Amino acid sequence: MSLLNSILEQLINGLRTGSIYALIAIGYTMVYGIAKMINFAHGDIIMVGAYALYVYSSILKLPLVAAIILTVVTCSVLGIITEKIAYKPLRNAPSLAVLITAIGMSFLLQNVALLIFKATPIPFASVVNVSGIRLGSLYLSGTTLVTLGVTVIAMVALTLFVNKTKAGRAMRAVSEDRGAAELMGISVNATISLTFAIGSGLAAVAGILYISQYETLMPTLGALPGIKAFVAAVLGGIGSIPGAMFGGIILGIIESLSKAYISTQLSDAIVYGVLVVVLLVKPSGLLGKLKIEKV
Amino acid sequence: MALLEVKNLGISFGGLRAVDNLNMSLEKGSLVGLIGPNGAGKTTAFNLLTGVYRPTDGTITLEGSSIVGKTPSEICKAGIARTFQNIRLFQKMSVKDNVKAALHNQFQYSLLESICHVASYKKKEKEMDEKVMEILKVFDLDVYADTFASNLPYGKQRKLEIARALATDPKLLLLDEPAAGMNPNETAELMETIELIRKKFDITILLIEHDMKLVSGICEYLYVLNFGTELANGTPDIVLNDPKVITAYLGE
Amino acid sequence: MENKKKLLINVVIAIVVYAAVMILLNSGLLNRQMRSLITPICTNVMLAVSLCLIVGFLGELTLGHAGFMSLGAYTGALLSLNLPFPPYVSLFIAIIAGGCVAAVAGAIIGIPVLRLRGDYLAIVTLGFGEIIRSVINALDITGGARGLSGIERLTNYNHFTLVFVLTLIVIVVVSNLINSRHGRAICAIRDNYIAAEACGIPVSRFKIMAFIISAFLAGIAGVVYAHNIGILKPANFDYNTSIEILVMVVLGGMGSIKGSIIAAVILTALPELLRGAADYRMLIYSIVLIAMMLFRNSNFNAALIEKKNLKAMQKLQKEGK
């Protein structure tokens, strides 16, 4: 009974971390689908989100709702700016160049944060003010409930947006064939900006949820969840939004189970191991499709 | 025995039958054309012959031995070289090194010799240089030996691609639209070059081409593809006057 | 003829550099801090040149170079700590073994190279690097997070000749390789792997070969690193270290061995010599990465190259006539 209980507890932990990964992974996957690049700096947007919330709510003492909205807006704008400055000039450049630029961008964000906020971790109590509930012998904390709730809402909204709206249709068209979409009168620049804005906005949400869980601010806090979310996006099949959601949750569960039952120290290695195995066995991921270069 | 024998060759991509029941037989020393409207499966046939795609059915034999299932590099070693419809040169390498890279299997020395640059390395490299210049001269590219391939004008890039293919010492050379994008003068010059290399290097040539002047001017035999299947074959004057072929190109 | 001249110039440069450093060392002109920079500069040159083989010549991005280096460093350190031979014999064995262990890892990482390219490959190498670090962190024999200490300092500035010779070997191996049929095959794969395959070059074999050689050389650099610093910690070999090496290759012009060497020397020496710049080091690195990529792909740069080409072309045409 207690084993079952502990497994259930770990599953819920995994679901909580996994839904954060899923939110971040969506950003990776959308940008990859549309701009055909891995936005390495995406993980650091989470960090910016966490710090932005800290600045708005703890330093400027804004009301929580306003602080959250401002955080999301800040990150969206930052996403658009990084794209315009660093990625747009490289649209026709070799993918190696784009990837190196993205790595540079990631370092830039980290180091700017380091200069402003210094390397010492800043404690930042959770902004989530919801009491947990008890289901039998199982306890669900407030953070867990909010994380799961927010993730579900975000995913439903995003799915509706992509499938039902005009802008969403434009996004799908651009990801299918940029040139053809442009000829059909779709503004590719605007669509790419919108994609970065949505992806970064979701990363901000993920950043808020993440910091509510870990309660410590550091300039490098985005790197690890960022890379893990990328693993999740690949696991689900990069370019596929349902794949990113699915991959994020599976990865969260794998991580939480291996932390609990294998080794805390090796849990990261296991996550990367999953990535390597997936890419070797099925490079297109679980729900993705692979493109073959035409000869 | 024919140099290349293709029997019942076919490939499906999902439900699409890109090439179906293709039969070809190329005699040694012949110059054969593979023609057909856009999307007929000509380049796919080349990709099957060079191992880029693995056929779903049928056989391909070169000098009596099967080459189905071999990798492109193994097929190149076996004696089939090719050019590409959209030029694929080694852009950031010099013209000379482009051809030298294709001599990879002709002039061999070990990794240790590569790293230590011993006397045997120098000897082989010198032989390679001589061979490269010999090939480049045929195409009047010798003055450009040290230029980056990407800096050559378009027509010369096409020539370099043929030169590179010849450097692999093939028995059969596949040319994928060699005259694409060329003006009539360049095309005429290209026809001469093709005739010349055929004699000089004693090889068999199979080419895809849309320029009917070139096709009827130099090809001895033609295969016509349409919707992945063979529509006709024969000498140019018969095939090009065949109503079926004219309909395939121009419609009813 | 021209090659011989080039060779002669390079030999002269090597001798001058060696003599200059030796004179500076023996005359006592260098302070402690500057002396302690000598081996790190050499190690970074080795790392940058070995990474250049993959990033510059094979055209693939790897983010796990610090992983290869750490394997060499730990293997070498454990051997020289435990072997019963005289120090220099142990060091010799350590260098060979460190390189070999890293090369085996290179071969293992080379397997995904067969199936993946570009972005995905970069991520997998990052994953491998992190796996290596996590495992080193979790093992007892490596001292875990506390680190491995007490390594005899057999490659510090007192042993400059040895370090210099090793650095030269690494540089010569890579530059000789590039000017050979194996190197041409590697560059051909970078420029167009489909055409390379069609020219009879077995692409898979050469990709793995490049990874193995690069890893072997990085392993040697790791051994030198270990015997200079005296204590190893897993944190010394994280993702940031891989990126630092990458910055050197990128700044060196990606595909230029000389450029990589110069960039490695500058990027190692400058932050240490300019007090205060150390805080901004990573910030500057990130800006260098972005600026270099933007410049290389800018219209301005394209115009410059075009102008140069046009001149060369006109000259050729004149000669042709």
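A residue counts as buried here when its relative accessible area is under 20%. By that cut-off Ala232(B), at 10% relative accessibility, is buried. I open with this residue, and I should say at once that the model before us is predicted.

Let me place Ala232(B) first. The residue belongs to strand β10 of chain B. Setting aside neighbours within four places in sequence, Ala232(B) is in contact with Leu222(B), Tyr223(B) and Val224(B), and also with Asp242(B) and Val245(B). As for distances along the chain, Thr187(B) is 45 residues away from Ala232(B), and the C-alpha atoms of the two are separated by 26 Å.

This leads to the strands themselves. Strand β10 of chain B covers residues 229–234 and pairs with β9(B) in the antiparallel sense, over five bridges. Within that pairing, Asn226(B) has Thr229(B) in β10(B) as its bridge partner. The two strands form a hairpin, with two residues between them. In the turn, Phe227(B) has a positive phi of about 50°.

β9(B) has another partner in strand β3 of chain B, residues 31–35; these strands run parallel and are joined by four bridges. Here Gly33(B) stands opposite Leu222(B) of β9(B). We have already met Leu222(B) among the contacts of Ala232(B).

Why is strand β9 of chain B described as largely enclosed by the rest of the structure? Because five of its six residues, in the run 221–226, are buried. As a general reminder, side chains in a regular strand alternate between the two faces of the sheet.

I turn now to a residue of chain B with contacts in chain C. Ser114(B) is located in helix α4 of chain B, residues 111–116. Is Ser114(B) buried or exposed? Its relative accessible area is 0%, so Ser114(B) is buried. Beyond four places in sequence, Ser114(B) touches Tyr109(B), together with Asn176(C), Leu177(C), Ser180(C), Arg181(C) and His182(C). Within chain B, the C-alpha atoms of Ser114(B) and Ile60(B) are separated by 36 Å, with their positions 54 residues apart along the chain.

Next, the interface of chain A and chain C. In general, the size of an interface is often given as the accessible area lost when the parts come together. For chain A and chain C, the buried area is about 3,600 Å², and carbon and sulfur atoms give 79% of this. How many salt bridges are counted between chain A and chain C? The count is zero. Across this interface, one residue pair is found in polar contact.

Which helices of chain A each supply at least two residues of the side that touches chain C? They are α3 (64–87), α4 (95–117), α9 (223–236) and α11 (267–281). The largest share comes from α4(A), with 14 residues. By class, this side of chain A has 33 nonpolar, six polar and three charged residues. In terms of contacts, 42 residues of chain A meet 41 residues of chain C.

I close with one residue of helix α3 of chain A, namely Thr71(A). Thr71(A) has a relative accessible area of 0%, and therefore counts as buried. Where are its contacts, leaving out residues up to four places away in sequence? Thr71(A) touches Gly49(A), Ala52(A), Leu53(A) and Tyr56(A), and further along the chain Ala204(A) and Ile208(A).

Notes: Residues numbered from 1 in each chain as written. Chains lettered and ligands numbered in written order. Predicted model: local features only at pLDDT ≥ 70, side-chain atom pairs only at ≥ 80, totals over all residues. Heavy atoms only, no water. Contact = heavy atoms within 4.5 Å. Buried area = accessible area lost by both parts, 1.4 Å probe. Salt bridge = Lys/Arg side-chain N within 4 Å of Asp/Glu carboxyl O. Polar contact = N/O pair within 3.5 Å; in protein donor to acceptor, adjacent residues only side chain to side chain. Nonpolar A, V, L, I, M, F, W, Y, C, P; charged D, E, K, R; others polar. Buried < 20%, exposed > 50% of the residue type's maximum accessible area, 1.4 Å probe, protein only. Pairing = 2+ DSSP bridges.
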